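Here's a quick tour of one model, written for someone who likes cut-offs spelled out. Have the viewer open as you read.

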Amino acid sequence: MSRRILLSNAVVVTMDAERRVIHTGSIGIDNDTIAFVCETGAEPVEWRHVETWDLAGRVVIPGLINTHTHAAMTLLRGYADDMALMEWLEKKIWPFEAHLTPDDVYIGALVACAEMIRSGTTVFADMYFHMEGVAKAVAESGIRASLSRGLIGTAAQAGEDDEALREAVRFCERWQGGANGRITTCLAPHAPYTCPPPFLEKVVDAASAHDLSIHTHISETKDEMAQIARTYGGSPVKYMLRHGVFKRPTLAAHCVHLDDEDIDILADNAVAVAHNPGSNMKLASGVAPVTKMRDRGVVVGLGTDGASSNNNLDMIEEARLAALLHKAVLFDPTAIPAMDALAMATIDGAKALRMDDQVGSLEAGKQADLVVLSTRRPNMAPLFDPVSNIVYSSNPGDIEHVFVRGEFVLRDGKIVAFDESRAIEEFRSRSARLAQEAKS
Ligand SMILES: [Zn+2]
């Protein structure tokens, strides 16, 4: 049976190739798909009598796409801040993570899904461990995700790395296309400094054998640059190129420290980048050359990174940070205008995840993943330029509804698919237990 909903009288920010904004627009949703986007009044006649939502005073944008996070790190939010990266990891983060059980990761990811849905995210790319728990949270919450088990090739026990790789491949086989097509999977060699050449090549071989793409971290810190130069010579980008990573479709998080040659390599190999301005600032990693990458044709999406280095999963904030940061460091107020920041959070994120045939813009034939924001609160008035208001003025409190595949996942500000307060309660007690265990 076909289920049709008509959204009418909304400001529709399409993010299509022409970046059309329709000031009084309608969107026809046919099951999981956008049937059309048009001026209100110009709908096909057979849509005149379907269930209609009058969205006067609202702005509709495509669902936001978080291209890099570690969802279950919500459990560590605020556990340790304002420390040097290696000290933070070694003394705080890793001891905490060592106690994480599969159920902890499930609850951590479920609360992350609630936070993401509330802030307008409809797709996220996740790299972590106990990924079955993350997949379960995605299936339950109604959101979409690209999931990967993080892989390191430096385990003390012989064979442990290979077993992790086999587990990652099994996870991909089990979940590729799972949750009604909302889940895709890929392989995630963690970073150049945690994946020595033989292991990295094994991961690439497995990705080729199973037709999987790659999600990784590259060139995040100055320490990483120095370590790779010392151990292997050259940059982390060249290291990944040399070992065949870019033969697979690759999404590289951070890419903070790049020279022109690195940027050429990323562009020539169609490597997409997940830019994480909040995390890069908080960990004092530096500022990625985003305008240079974009000028050279590199696809750049936005990511929040884990909630322990941000410390939230709010993609509206991330778009704002991207828009502000590059202006400040380049002394150029025209760098990353609001429209470009929103593109990075939507259509360019979709391209980075190779999902732009399905999501990332409001166009006929794409999946009905969309966010409805109210313009009633003071921070949204007046509305000279809806894109400016979204990037520079809005916050998750303005979001009324979120749809994924034409279904409500947030309706009138409430999470639809699961009991959010119960999940948060359970999450608090697990987080407290983990903090206790990390101390002992
Ligand atoms: Zn990360």
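## The zinc site

Why is the arrangement of the four donor atoms around the zinc ion irregular? The angles they subtend run from 83 to 170°, which makes it so. For four donors, tetrahedral needs all angles between 85 and 135 degrees, while square planar needs opposite donors over 155 degrees apart and all others between 65 and 115; anything else is irregular.

This is a predicted model, where local features need pLDDT of at least 70 and side-chain atom pairs count only at pLDDT 80 or more, though totals for chains, interfaces and linings use all residues. Residues are numbered from 1 along each chain as its sequence is written, and side-chain values use heavy atoms, leaving out hydrogens and water.

## Who holds the metal

Coordination comes from NE2 of His-68, His-70 and His-217 plus OD of Asp-305, at 2.1 to 2.5 Å. Donors here are N, O and S atoms within 2.8 Å of the metal (3.2 Å for Na, K and Ca); water is not among the atoms, so sites may look incomplete. Along the chain, the spacing reads H-x1-H-x146-H-x87-D.

His-70 and His-217 are both buried, meaning under 20% relative accessible area with a 1.4 Å probe, protein chains only.

## Arg-248

Now for an arginine. Arg-248 is buried too, at 14% relative accessible area. Its side chain reaches the backbone oxygen of Leu-212 at 2.9 Å, a polar contact (N or O atoms within 3.5 Å, one able to donate a hydrogen and the other to accept it; residues adjacent in sequence count only if both atoms are side-chain atoms).

Key
Four donors count as tetrahedral if all angles lie between 85 and 135 degrees; four count as square planar and six as octahedral if opposite donors are over 155 degrees apart and all others between 65 and 115; anything else is irregular. Buried means under 20% relative accessible area, exposed over 50%, partly exposed in between (1.4 Å probe, protein chains only).
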